[in-house]
Amino acid sequence: MVAVNTTSDTVSVFLGKGDGTFQPEVTYATGNSPRAVVVADFNGDGFLDLAVTNATDGTVGVLLGNGDGTFRAMVPYATGTVANGIAAGDFNGDGKLDLAVGNFTANTVSILLGNGDGTFQPQVPYASAGGPLELAVADFNQDGRLDIAVANESGETVGIFLGNGDGTFQPQVTYAAGNRTIDLAVGDFNGDGVPDIAVATQLGPTLSVFIGNGDGTFKPVVTYAAPGSPNSVVVADFNGDGIADLAISNGTGGLESVYIGNAIGTFQAAVSYAAGTNPRMSSAGDFNGDGLPDLAVGDFGDNEVMVLLDNVTQTATAVATGVSVPGSGTAHLVDASYPGDTNFSPSTSGTISLTSTQVTTTVTLTASPTSSAYGQSVTLTATLSPFADGGLITTGETVTFKSGTTTVGTGILNASGVATLTLTTLPAGTDSLTAVYPGDANFLPSTSSSLSFTVGTAVLTVTANNLSRAYGAANQH
């Protein structure tokens, strides 16, 4: 984090540890009464640099980064009187970052074109409505050229400078915003791909939203009540739903208030969190690496930076189809549980009532051998499916074997759901064999398909003894 210290003429750098905490501050000298800071790579070396506005000096100071979290001495560049807000962008399309500075007393916005080596050309001022403070950069008219939005405090307006693409700008066009327009931020609040503007106004107090038309103009302002005296506004997706939300710092009451976006350009009522005694400026960033934006709030009253880690409640849906509970109609209370991970806590849903139902079964019948002669031993095998479900089993239950409507015997289901019957009494001819499972409280009854089984007639062998006799002898039997 980088914090501007107005009364001590310094800027503080807090290096993050990655878990939402930070190393002790390291301070660097600025000009007199620094007011705002922007972080960017101004000399193209891949290291982040700082640009700080110095209100009393009427300058912007550039501190080039060394790439190890430390910074070189500030180099000042003249702006208008009482330099306040600052923003960076490539205004002339040369691939080098430029600066825009709001000059509160001079009623101008200064443009300083970058040379690409961390130095800047002399300012070119553009007239602004009264008391320009904070600035934001976006392409409001969708022409591929960066434009500038300015919060004009005493003018009570938002001013729009449309860019010409060569580093120059058209005259400012203003939109009434509210009493003491103090800060603004840019985001796409209704999902149409066009940048919109959120404005914090201190004496309302209100949060004002301007929906962009895509041609550099805006729809009439819509205001939302603020719980205190807003000092700043930030855009981020705080609840992780892919829709831009807003947060404002309220100096009165020491609150940071979050407005959840509805995706159609409107916002829900504010939910507020304690943030010191006099929160001034805030910024969003993922400080603990959980993929959710956190808030850093500069507390002017306590000379602290307050860190509010995002504690979003995630809701997801898992669907299981074809679920049934085996049984005899008992109502079961069923819930869903999530075990959690390194970023998200475990949770368990509420319960629902699920009534158990009997399990549908099928029986398959086979015979060995597949045909026989009368009186020959035959083994009938019945296989029940399923023979178990959950903790319910059919082991030890009886299966009845029939020939037509006549019962020929029974078998007991083993632990594999198989019952057998061996017999020698099948009648001769073609038998229609079936196996019948009667069911129980948990498993429905079922009957196998008919098995056609042929039983042949027995072969009778007759043996005759002493069939020879002498001619003329009497017959003997």
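User: Which strand is Arg180 found in?

Analyst: In this predicted model, Arg180 is found in strand 16, which covers residues 179-187. The backbone at Arg180 has a positive phi of about 60°, although Arg180 is not a glycine.

User: Why does Arg180 count as partly exposed?

Analyst: The relative accessibility of Arg180 is 34%, and partly exposed is the class between under 20%, which is buried, and over 50%, which is exposed. Since 34% falls in between, Arg180 counts as partly exposed.

User: What makes Glu153 buried or exposed?

Analyst: Glu153 has a relative accessibility of 9%, and buried means under 20%, so Glu153 counts as buried. Glu153 is found in the loop between strand 13 (147-152) and strand 14 (157-161).

User: Which residues does Glu153 touch, leaving aside those up to four places away in sequence?

Analyst: With heavy atoms within 4.5 Å taken as contact, Glu153 touches Phe104, Gly130, Gly131, Leu133, Arg180, Thr181 and Ile182. Arg180, with its positive phi, is thus one of the residues that Glu153 touches.

User: What is the phi of Ala263, and why does Ala263 count as partly exposed?

Analyst: Phi of Ala263 is near 75°, a positive value in a residue other than glycine, and Ala263 is found in the loop between strand 22 (255-259) and strand 23 (271-274). The relative accessibility of Ala263 is 31%, which is neither under 20% nor over 50%, so Ala263 counts as partly exposed.

User: Where are Pro369 and Pro386 found, and what is the peptide bond that leads to each?

Analyst: Pro369 is found in the loop between strand 31 (362-368) and strand 32 (372-373), and the peptide bond from Ser368 to Pro369 is cis, with omega near 0°. Pro386 has its place in the loop between strand 33 (378-385) and strand 34 (388-389), and the peptide bond from Ser385 to Pro386 is also cis, with omega near -15°.

User: Which residues of the largest nonpolar core touch the most other members?

Analyst: That core has 21 residues, of which Leu380, Val399, Phe401, Leu426, Ala435 and Phe453 touch the most other members. At least two residues each are supplied by strand 31, strand 33, strand 36 (398-403), strand 38 (418-423), strand 39 (429-437) and strand 41 (451-456). Strand 33 gives the most, with four residues. A second, separate core of 17 residues includes Ile211, Ala226, Ala244 and Ile248.

User: What does Leu380 touch, not counting residues up to four places away in sequence?

Analyst: Leu380 touches Leu365, Thr366, Ala367, Phe401, Ala419, Thr420, Leu421, Leu423 and Leu433.

User: How do you know that the chain is not a compact globule, by its radius of gyration?

Analyst: A compact globule of 477 residues would have a radius of gyration near 23 Å, but the chain has 43 Å. The C-alpha atoms fill a box of roughly 160 × 45 × 45 Å, taken along the principal axes. The chain has zero helices and 41 strands, and 42% of its 477 residues count as buried.

User: How many positive and negative side chains does the chain have?

Analyst: The chain has 10 positive and 41 negative side chains, and the centres of the two sets lie 9 Å apart. The accessible surface of the chain comes to about 22900 Å², of which 53% belongs to carbon and sulfur atoms.

Notes. Residues are numbered from 1 along each chain as its sequence is written. This is a predicted model: local features need pLDDT of at least 70, side-chain atom pairs count only at pLDDT 80 or more; totals for chains, interfaces and linings use all residues. Side-chain values use heavy atoms; hydrogens and water are left out. Buried means under 20% relative accessible area, exposed over 50%, partly exposed in between (1.4 Å probe, protein chains only). A nonpolar core is a set of buried Ala, Val, Leu, Ile, Met, Phe, Trp, Tyr and Cys residues joined through side-chain atoms within 4.5 Å. The radius of gyration is taken over C-alpha atoms; the globule rule is 2.2 Å times the number of residues to the power 0.38. Accessible areas come from the Shrake-Rupley method with a 1.4 Å probe; for residues, only the protein chains shown count as cover. Lys and Arg count as positive and Asp and Glu as negative; His and the chain ends are not counted. The place of a charge is taken as NZ of Lys, CZ of Arg, CG of Asp or CD of Glu.
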